[in-house]
Amino acid sequence: MIDLSHALSGFMRRIAGPGELTGLVRLSGGANMESWAFEWAGGAYVLRRAPSADYMAGRPYGHADEAALVIAAHAAGVKAPEVVGVLSEGDGMGTGYVMRRVIAEVNPAKILANPPPSLLADFGRELARIHAIPAETIPAAIPLMDTAAALAELKARFADYGGDRPVIALAIKWCEDHLPPPADPVLVHGDYRMGNVMVDADGLAVVLDWELAHRGDAHEDLAFGCMTVWRFGRIDHPAFGVGSIDDYFAAYEAAGGARVDRERFHFWLVYRTLWWALGCLQMGQMWRSGADPTVERVVIGRRTAEQELDLLLLLETGAPAAERTRSLPPAPPPAAAPTGEPTNREIVQAVRDWLAEEIKPAAEGHGKFQVAVAMNALGIVMRDLDARVRAEDKALANGLLSGAVTLAEPGLLARLRRAVLDKCAVDSPKYAALARAKTLWAVDLAP
């Protein structure tokens, strides 16, 4: 904090003139980048930077190009942040840039509890504006996505991560079989969803997190915010957790967006759910490599189960009707009640209770967030020790990936349903789609 404060003060004097740095605090959230809020000479700002050089390795463009893109979007009338300066190597803070801070709500739960009436229309309008950003203003470093090549890269990553999750294999094969022809490219934000926007009483205030932007199919952006995971529990409102798909598409088209192709939209809904499933696995790899040793990485790594549940819900319509009505096999029996010395589960429980009762009440800011993440991690371990379930099945994954095995195989869909339910109950028991899936699949909701 002291080193960052000193370096940031020098940077701000250079780009904004004399002043004093106050209120420097790290903001919670941000799966990949650090965000620091601060004040300088009466103005409110945010520093966005990479936490380590490893985070920028392999990225198609760096923070300088990202900042240039955000500047272009702002100039085109998009509600993008106002960039005031880009870090250089001599600033001693890694890579990143400073923006003027927008004072509005970013927490999806708070926004969705009482969304402004205009919010869904705002989402459609703003996305249409992003897709209309003139091509000549987009930095040359922003890449063009080749969907077939990107899918092949996901398949290669799956193999690197073990290649042993059957539902992920099923989704890869489905995407290969349903690959749409190339679309006329537009600027794709790449992360357009709840959690990456700020909202005030008047509606959408700013669109954040442009690090995944690329040229590509507009339907990718349209689909991403409609993934179940980004509805934050409001799964009955399929567009951002705010409203209906029909209203969202109508708002997008009314604001100048091209007519939406619903089959293409469905492809991208499956593809981006698959992408995030592998992204979650990647978080675990980042922890193992030491690129990011935080507990948050390993916890996100266990959220793959959420996406596997969502993928099966999206893809199970391809199974024969008789398979969709087949009863599920029983869940594994519960573990016996412990006796004698404390079990591993009980030791983990003791540590988790201590964090909850002694550490969390005294923690503040990002530290409090980290304690909550650690408690979540220990909760996963406790449930895992009880449940004794595994998600890996390399032979089945290979069969699905090759097409030798399909959802027409008697009993396979029922087995996959049971597997994803049991794994999600361990890793994300409060995930809203879990209860929905149990209802749809006629599973007893009792614990």
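Let's start with cysteine 424 in this predicted model. Its sulfur has its closest cysteine sulfur in cysteine 280, and that one is 11 Å away, so the pair is too far apart for a bond. To count as a disulfide, two cysteine sulfurs have to lie within 2.5 Å. Seen from the other end, the story repeats: for cysteine 280 the closest cysteine sulfur is the one in cysteine 424, again at 11 Å and too far for a bond. By this rule the chain ends up with 0 disulfides. Are these two cysteines buried or exposed? Cysteine 280 has a relative accessibility of 0%, so it counts as buried. Cysteine 424 is buried too, with a relative accessible area of 0%.

Now zoom out to the whole chain. It has 17 helices and 9 strands. Its C-alpha atoms fill a box of roughly 70 × 60 × 40 Å along the principal axes. What radius of gyration would a compact globule of 447 residues have? The rule gives a value near 22 Å, and the chain has 23 Å, which agrees. Of the 447 residues, 49% count as buried. The accessible surface comes to about 20,500 Å², and 55% of that belongs to carbon and sulfur atoms. Look at who touches whom, too: among contacts with a separation of 6 or more, 71% are between residues 24 or more positions apart.

What sits inside? The largest nonpolar core has 103 residues, and Phe123, Trp210, Tyr248, Leu274 and Leu309 have the most contacts within it. Helix α9 (residues 262-289) supplies the largest share of this core, with 14 residues. Apart from it lies another core of 15 residues, among them Leu8, Met12, Trp36 and Met93. Leucine 274 makes a nice example from the big list of names: beyond residues up to four places away in sequence, it touches Leu151, Leu154, Ile168, Ala171, Ile172, Cys175 and Leu311.

Next, find helix α15, which runs over residues 394-402 and has Leu396, Ala397, Gly399, Leu400 and Leu401 buried. There is a handy rule for reading a list like that: an α-helix has 3.6 residues a turn, so residues three or four places apart point the same way. What covers the buried residues of α15? The cover includes α5 (147-160), α6 (166-177) and α16 (412-427). Just after α15 comes glycine 403, with a positive phi of about 90°.

That phi value leads to another stop on the tour. Most residues other than glycine have a negative phi. Two residues here go the other way. Aspartate 209 is not a glycine, yet it has a positive phi of about 55°. You'll find aspartate 209 in the loop between β8 (203-207) and β9 (214-216), where it is partly exposed, with a relative accessible area of 22%. Phenylalanine 240 is not a glycine either, and its phi is positive at about 65°. This residue belongs to the loop between α7 (218-224) and α8 (245-254). Phenylalanine 240 is buried, with a relative accessible area of 0%.

Arginine 49 is worth a visit as well. It is part of strand β3 (residues 43-49). Why does it count as buried when its relative accessible area is 17%? The cut-off for buried is under 20%, so 17% falls on the buried side. Who keeps it company? Its side chain joins that of glutamate 34 through a polar contact of 2.9 Å. A polar atom of the arginine 49 side chain also lies 3.3 Å from the backbone oxygen of methionine 93. Leaving aside neighbours within four places in sequence, arginine 49 has contacts that include Leu4, Met33, Trp36, His63 and Thr95.

Last stop: valine 78, in the loop between α2 (63-75) and β4 (83-86). Valine 78 is buried, with a relative accessible area of 4%. What does it touch, not counting residues up to four places away in sequence? The partners are Ala73, Glu126, Arg129, Ile130, Ile133 and Trp210. One of those, Trp210, also appeared among the residues with the most contacts in the largest nonpolar core. Glycine 17, on the other hand, is 61 residues from valine 78 in sequence and 28 Å from it in space, C-alpha to C-alpha.

Methods
Residues are numbered from 1 along each chain as its sequence is written. This is a predicted model: local features need pLDDT of at least 70, side-chain atom pairs count only at pLDDT 80 or more; totals for chains, interfaces and linings use all residues. Side-chain values use heavy atoms; hydrogens and water are left out. Buried means under 20% relative accessible area, exposed over 50%, partly exposed in between (1.4 Å probe, protein chains only). Helices (H or I, at least four residues) and strands (E, at least two) are DSSP runs, numbered from the N terminus. Contact means heavy atoms within 4.5 Å. A nonpolar core is a set of buried Ala, Val, Leu, Ile, Met, Phe, Trp, Tyr and Cys residues joined through side-chain atoms within 4.5 Å. The radius of gyration is taken over C-alpha atoms; the globule rule is 2.2 Å times the number of residues to the power 0.38. Accessible areas come from the Shrake-Rupley method with a 1.4 Å probe; for residues, only the protein chains shown count as cover. A polar contact is a pair of N or O atoms within 3.5 Å; within protein, one must be able to donate a hydrogen and the other to accept it, and residues adjacent in sequence count only if both atoms are side-chain atoms.
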